[in-house]
Amino acid sequence: MATAAAAAGVASLRYFPSSLRNRVYPGTTSGGGAVTFSPRRGRGASAAAVAAPSREAEPASSLGDLTRVDFPILDQEFDGNKLVYFDNGATSQKPSHVMKALDDYYRFYNSNVHRGIHALSAKATGAYEAARIKVANFVNAADSREIIFTRNATEAINLVAYSWGLSNLKQGDEIVLTVAEHHSAIVPWQFVSQKTGAVLKYVGLTKEEVPDIEQLKGLLSNKTKIVVVHHVSNVLGSMLPIEEIVACSNRVGAKVLVDACQSVPHMPVDVQKLGADFLVASSHKMCGPTGVGFLHGKFEILSSMEPFLGGGEMIADVFEDKSTYAEPPSRFEAGTPAIGEAIALGAAIDYLSNFGMHRIHEYEKELGAYLYESLLSVPKVRVYGPAPSQSDHRAPLCSFNVENVHPTDIAEILDLQHGVAIRSGHHCAQILHRTLGITASARASLHFYNTKEEVDVFIHGLKDTIDFLTSQH
């Protein structure tokens with residue numbers, strides 16, 4: 001019994017802000033005086049919900065209202081609070097259509113691809129390659145052979161770094177990045193720099209807190225061999241002018257790699273129009289499953305690159321002392337791939353395409369602007385990145401801090417008392433946070449299945465959370 005009681009006590013503290021645990025405050029003590037809360041309960045719990053401010057219901061035509069029914073995970077409550085999921089920058093939720101596609105593969109035609117001649121293998125191979133074509137069409141690739149399935153976008157960047165970078169970079173060559181890149185777009189190139197002697201050059205921020213494109217142009221020279229940039233920042237919400245960056249980079253003979261993890265799920269992306277040599281994205285951020293992502297590369301460049309991993313599937317012929325390699329994409333897909341996950345990614349693309357990325361983008365622009373303006377209305381809140389405008393796109397996410405309050409405390413109390421899921425920390429962007437003069441921030445990130453009504457619940461919960469936390473200091 002003592003063990004059970006101790007376990008319950010630990011559970012009760014799990015959701016209370018770490019910086020406030022074990023403090024004694026009037027009216028909040030339990031037992032020996034430490035602040036405690038009951039463990040959260042699932043849907044249907046009897047605890048009363050915190051009343052959100054009243055607002056007129058959104059019209060039935062709202063894309064958020066139309067699509068929510070497809071996402072069963074959103075239809076649940078915690079301690080009487082309906083779940084508000086605002087952590088889409090980390091991973092999106094999955095519609096039933098995608099989960100069914102994954103289940104159907106394992107239930108009805110699970111088999112390895114490409115090498116079998118039996119019916120199951122043929123069906124699995126057909127569905128797997130159909131998914132590749134769907135990805136190619138989704139980003140308007142010139143050829144489906146330009147799409148390489150990877151475990152995730154991180155592996156896709158590493159593939160380029162090792163297969164292209166190690167073979168093409170040497171002492172004194174330069175790699176240009178921005179201070180706003182995700183760690184996945186920085187660390188692989190640090191490895192390459194350490195192995196080759198290539199130099200990393202970083203672009204800073206403007207006063208509007210976006211990467212300085214004029215500074216980037218000034219860094220380009222005949223020493224620049226590759227430029228690594230995000231399309232949309234996962235912290236600032238800003239979008240870079242990729243076509244302009246590509247044009248300037250091409251003039252000095254430099255390749256361009258684009259991290260499109262925060263753009264492909266939210267807006268139309270045309271790789272031929274952008275013109276980048278490489279572009280990466282993740283399935284799990286675009287309503288697909290985890291465990292699969294993709295690299296788009298220009299076919300002539302992919303054909304010139306050495307394999308990333310060795311094994312089955314990526315070979316043409318194997319001899320005792322050497323091997324010859326298959327053409328792309330097989331050259332870069334060694335071993336058994338994530339077959340079901342790739343097929344389900346194709347199903348996610350079908351789902352997104354059914355609504356249209358232009359429609360999703362327009363809805364999310366409106367939703368993102370509403371989130372930004374709502375956050376600015378909260379006293380002591382500092383939002384990072386540019387303001388939304390007619391000319392400058394801002395993604396539907398806001399990273400922010402509250403004066404004298406730790407972002408993790410905000411995230412934990414919002415989750416516990418209001419059922420709102422946001423993220424706190426450095427968002428895999430420590431260099432950017434140091435540039436901004438902070439160590440961490442809170443982030444609310446939206447997707448097309450979110451609504452303005454949920455933004456209101458979030459803002460109401462944030463105000464309550466700020467009042468509660470500031471009263472304890």
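# Exercises on a predicted model

Among the contacts in the protein with a separation of 6 or more, 71% are between residues 24 or more positions apart. The model is a predicted one. Its secondary structure comprises 15 helices and 17 strands, and 53% of its 473 residues count as buried.

## Exercise 1. The seven-stranded sheet

Determine the strand order of the open sheet of seven strands, its edges, and the helices α6 and α8 that pack on it.

*Solution.*

Step 1. The order reads β4-β10-β9-β8-β7-β5-β6, and the pairing is mixed.

Step 2. Strands β4 (147-150) and β6 (199-203) each have a single partner strand, so one side of each lacks a neighbour in the sheet and both stand at the edges. On average, neighbouring strands of this sheet are turned by 20° against each other, direction ignored.

Step 3. Within the sheet, β5 (residues 174-178) and β7 (residues 224-230) run parallel and are joined by four bridges. Val176 has Val227 in β7 as its bridge partner.

Step 4. Helix α6 (residues 183-196) packs on the sheet and touches β5, β6, β7 and β8 (255-259), its direction making about 150° with that of β6. Helix α8 (residues 242-251) also packs there, touching β7 and β8, and its direction makes about 175° with that of β7.

## Exercise 2. The four-stranded sheet

Describe the open sheet of four strands and the placement of helices α12 and α13 against its strands.

*Solution.*

Step 1. The strand order is β13-β14-β17-β16, with antiparallel pairing. Strands β13 (381-383) and β16 (423-425) pair on one side only and are the edge strands. The average turn between neighbouring strands of this sheet is 30°, direction ignored.

Step 2. Four bridges connect the antiparallel strands β14 (residues 397-402) and β17 (residues 441-445). One named pair is Cys398 with its bridge partner Ala444 in β17.

Step 3. Helix α12 (residues 357-376) lies across β13, β14 and β17 and runs at about 10° to β14. Helix α13 (residues 407-418) packs on the sheet, in contact with β14, β16 and β17, and its direction makes about 160° with that of β16.

## Exercise 3. A helix pair

Classify the crossing of α4 and α11, and characterise the residues of their contact.

*Solution.*

Step 1. The axes of α4 (residues 119-138) and α11 (residues 339-355) come within 8 Å and cross at roughly 45°. The two helices are therefore oblique to each other.

Step 2. The crossing is left-handed.

Step 3. Helix α4 contributes residues including Ala124, Tyr128 and Phe138, and α11 contributes residues including Ile339, Leu345 and Asp350. By class, the contact residues divide into 12 nonpolar, two polar and two charged.

## Exercise 4. Backbone exceptions

Locate the cis peptide bond from Pro328 to Pro329, and decide whether His114 and Glu313 are buried or partly exposed.

*Solution.*

Step 1. Most residues other than glycine have a negative phi, and most peptide bonds are trans.

Step 2. The bond from Pro328 to Pro329 is cis, with omega near 10°. Pro329 is in the loop between β12 (323-325) and α11.

Step 3. His114 has a positive phi, near 80°, and is placed in the loop between α3 (96-108) and α4. Its relative accessibility is 31%, so His114 counts as partly exposed.

Step 4. Glu313 has a positive phi of about 80° and lies in the loop between α10 (299-304) and β11 (315-318). Because its relative accessibility is 16%, Glu313 counts as buried.

Key
Residues are numbered from 1 along each chain as its sequence is written. This is a predicted model: local features need pLDDT of at least 70, side-chain atom pairs count only at pLDDT 80 or more; totals for chains, interfaces and linings use all residues. Side-chain values use heavy atoms; hydrogens and water are left out. Two strands pair if DSSP finds at least two bridges between them. Axes are lines fitted to C-alpha atoms, for helices over the stretch in contact, and angles run from 0 to 180 degrees between N-to-C directions. Contact means heavy atoms within 4.5 Å. Angles under 35 degrees count as roughly parallel, over 145 as roughly antiparallel, 65 to 115 as roughly perpendicular and the rest as oblique. A crossing is left-handed if the near helix is turned anticlockwise from the far one by less than a right angle, and right-handed if clockwise. Ala, Val, Leu, Ile, Met, Phe, Trp, Tyr, Cys and Pro count as nonpolar, Asp, Glu, Lys and Arg as charged, and the others, Gly among them, as polar. Buried means under 20% relative accessible area, exposed over 50%, partly exposed in between (1.4 Å probe, protein chains only).
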